[in-house]
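Visitor: Please take me close up to one part of this protein. I'd like to see how the helices there pack, then what the loops and strand around the chain are doing.

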Amino acid sequence: TWASESEEAAFTALVERFESENDGVDIDLNVVPYDQMFTNIDAQLSTGEAPDVFRVDYGNLGVYSSQDQLLPLTDYVTEEESSLFTPAMWEAVSYDGVAYGVPHQTDVSALLLNLPMLEAAGITDIPTTLDDAWTWEEFADVATTLRASLPEDQYPFVYNWQLGGTPRWLSWLFQADGTLLEDDGTTPAIDSAAGTKALDFTKSFYENNWVPPTSSVKASTYADAFFTEESVAMAFAGSFLVPDIDNLAGFEWAATPMPVDARGATDLGGNALVATKDTDNPDLAAQFLEFMVQADTMSEFCAATNELPTRTDIDPSSIEFSVRPDVMPVFVEQATTIEPEDVKQLTSPYLAEIAVSLQDQLEAAFVSGQSTADTLTNLSDAIEQATD
């Protein structure tokens with residue numbers, strides 16, 4: 001696995017508990033940098049030396065499950081047990097109706113606010129629930145007001161689509177009630193009225209000088225850094241960043257839901273735990289996966305890491321989050337905007353390849369002035385090539 005400091009501590013504690021409850025069992029916990037994680041796994045799978053269990057984000061899971069590299073959990077998880085997870089999260093670990101992992105936790109983006117900056121611009125009416133969330137038009141008005149109030153070297157907001165986060169742009173597409181792929185999972189659907197609306201709106205972030213010019217999808221600085229350095233008044237960020245942001249931000253900040261258009265939507269963050277198909281210990285690996293997603297262990301992990309549970313029998317409001325429990329209800333409610341159909345798009349086995357083209361095309365649209373029509377046409381062509 002890769003892990004933040006809080007995640008590594010939580011993993012370590014739970015591994016030690018599993019070992020103490022199962023005589024003779026030893027677990028070697030190997031923490032590696034995220035940017036090395038899947039290069040390592042791919043090499044190990046090709047040589048038959050992969051670990052029994054590994055962590056995988058939902059966006060990459062489809063690559064492994066579709067290639068018959070993971071242990072199917074059909075013989076280990078009953079229908080009653082699977083029903084304890086939210087439908088969207090169970091969909092995230094399934095391929096062709098078969099579960100190939102367990103949804104360990106989830107993480108979604110919401111909008112963080114530098115309250116002194118907003119107050120200086122006269123913005124004090126801050127939504128706290130989805131029912132009151134800013135519409136796209138209201139969000140644009142807020143950004144316009146901030147642009148008029150802030151000095152030239154500060155910006156209204158920053159979006160978290162840098163580098164590997166490019167698929168987070170799809171949240172705007174979903175909010176406009178659009179989709180990346182048709183129901184068959186292979187036909188491009190992005191060249192649509194909703195796709196046009198989402199791309200036009202996000203291009204306006206750069207046209208209106210609402211975001212730092214250096215914050216596009218190929219930027220090397222992440223959104224949370226712009227926020228903690230007070231280069232921006234607002235930042236889209238995941239709840240897993242709350243501990244780091246709270247440690248670094250020297251100002252009062254809060255959270256509000258993401259803007260809504262035809263509907264609310266957010267990105268599918270978080271990770272699954274999977275066992276490799278050729279593990280020498282399939283029964284034990286499945287037992288460990290089951291242990292890690294029990295109600296008590298999941299609650300303990302989420303509380304320690306400011307991440308969100310995937311089980312329906314866990315009330316997120318009952319979790320005693322270790323850092324800034326006052327902002328976590330916004331993230332908890334934001335997670336309810338993830339629809340099963342969104343999950344099918346975000347866990348497509350083709351998404352990794354599509355995301356490369358998505359990054360190139362969005363960069364061309366945001367930075368180089370490529371037209372919306374050309375961008376959507378190019379994306380459709382790239383999808384056809386990836387799914388062929």
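Guide: Start at serine 231. Beyond its neighbours within four places in sequence, serine 231 touches Asp153, Gln154, Tyr155 and Phe226. Keep in mind that this is a predicted model. Serine 231 sits in the loop that links helix H10 (223-228) to strand S7 (232-238). Now look along the chain to aspartate 96. Aspartate 96 and serine 231 are 135 residues apart in sequence, and their C-alpha atoms are separated by 45 Å.

Step back to the loop before H10. Asparagine 209 lies there, between H9 and H10. Its phi is near 60°, a positive value in a residue other than glycine. Most residues other than glycine have a negative phi. Asparagine 209 has a relative accessible area of 34%, so it counts as partly exposed. The buried class would need a value under 20%.

That loop leads us back to H9, which packs against other helices. Take H7 first, residues 136-149. The axes of H7 and H9 are 12 Å apart, at an angle of about 10°. H7 is therefore roughly parallel to H9, because angles under 35 degrees fall in that class. On the H7 side, the contact uses Trp136, Phe139 and Ala140. On the H9 side, it uses Lys197, Ala198 and Phe201. By type, the residues of this contact are five nonpolar, no polar and one charged.

Next, H9 against H16. H9 covers residues 193-207 and H16 covers residues 351-367. Their axes come within 8 Å and cross at roughly 55°. The two helices are therefore oblique to each other. H9 passes H16 in a right-handed crossing. H9 brings Leu199, Thr202, Lys203 and Tyr206 to the contact. H16 answers with Leu362, Ala365 and Phe366. The residues of this contact divide into five nonpolar, one polar and one charged.

Stay on H16 and turn to H17, residues 372-387. The axes of H16 and H17 are 9 Å apart, and the packing angle is about 165°. H16 and H17 are therefore roughly antiparallel, because angles over 145 degrees count that way. Their crossing is right-handed. From H16 come Glu353, Ile354, Ser357, Leu358, Gln361 and Ala365. They meet Thr375, Asn378, Leu379, Ala382, Ile383 and Ala386 of H17. The residues here divide into seven nonpolar, four polar and one charged. Note Ala365: this H16 residue takes part in the contact with H9 and also in the contact with H17.

Pick out one H16 residue, glutamate 353. Glutamate 353 is partly exposed, since its relative accessible area is 46%. It also belongs to the contact with H17. From glutamate 353 to proline 156 is 197 residues along the sequence and 32 Å in space, C-alpha to C-alpha.

Now move to the loop between helix H13 (295-305) and helix H14 (328-334), where arginine 311 is found. Arginine 311 counts as buried, because its relative accessibility is 12% and the limit is under 20%. The side chains of arginine 311 and aspartate 313 are joined by a polar contact of 2.7 Å. Beyond its neighbours within four places in sequence, arginine 311 touches Leu84, Phe85, Val293, Gln294, Ala295 and Met298. Asparagine 306 shares the loop between H13 and H14. Its phi is near 60°, again positive in a residue other than glycine. Asparagine 306 is buried, with 0% relative accessibility.

Finish in strand S4, residues 102-107, at proline 103. Proline 103 is buried too, at 0% relative accessibility. Outside the four places on either side in sequence, its contacts are Tyr58, Phe85, Met89, Trp90, Val93, Asn271, Ala272, Val293, Met298 and Thr310. Phe85, Val293 and Met298 are among the contacts of proline 103, and they are also among those of arginine 311. Glutamate 182 lies farther along, 79 residues from proline 103 in the chain, with 25 Å between the C-alpha atoms.

Conventions:
Residues are numbered from 1 along each chain as its sequence is written. This is a predicted model: local features need pLDDT of at least 70, side-chain atom pairs count only at pLDDT 80 or more; totals for chains, interfaces and linings use all residues. Side-chain values use heavy atoms; hydrogens and water are left out. Axes are lines fitted to C-alpha atoms, for helices over the stretch in contact, and angles run from 0 to 180 degrees between N-to-C directions. Helices (H or I, at least four residues) and strands (E, at least two) are DSSP runs, numbered from the N terminus. Angles under 35 degrees count as roughly parallel, over 145 as roughly antiparallel, 65 to 115 as roughly perpendicular and the rest as oblique. A crossing is left-handed if the near helix is turned anticlockwise from the far one by less than a right angle, and right-handed if clockwise. Contact means heavy atoms within 4.5 Å. Ala, Val, Leu, Ile, Met, Phe, Trp, Tyr, Cys and Pro count as nonpolar, Asp, Glu, Lys and Arg as charged, and the others, Gly among them, as polar. Buried means under 20% relative accessible area, exposed over 50%, partly exposed in between (1.4 Å probe, protein chains only). A polar contact is a pair of N or O atoms within 3.5 Å; within protein, one must be able to donate a hydrogen and the other to accept it, and residues adjacent in sequence count only if both atoms are side-chain atoms.
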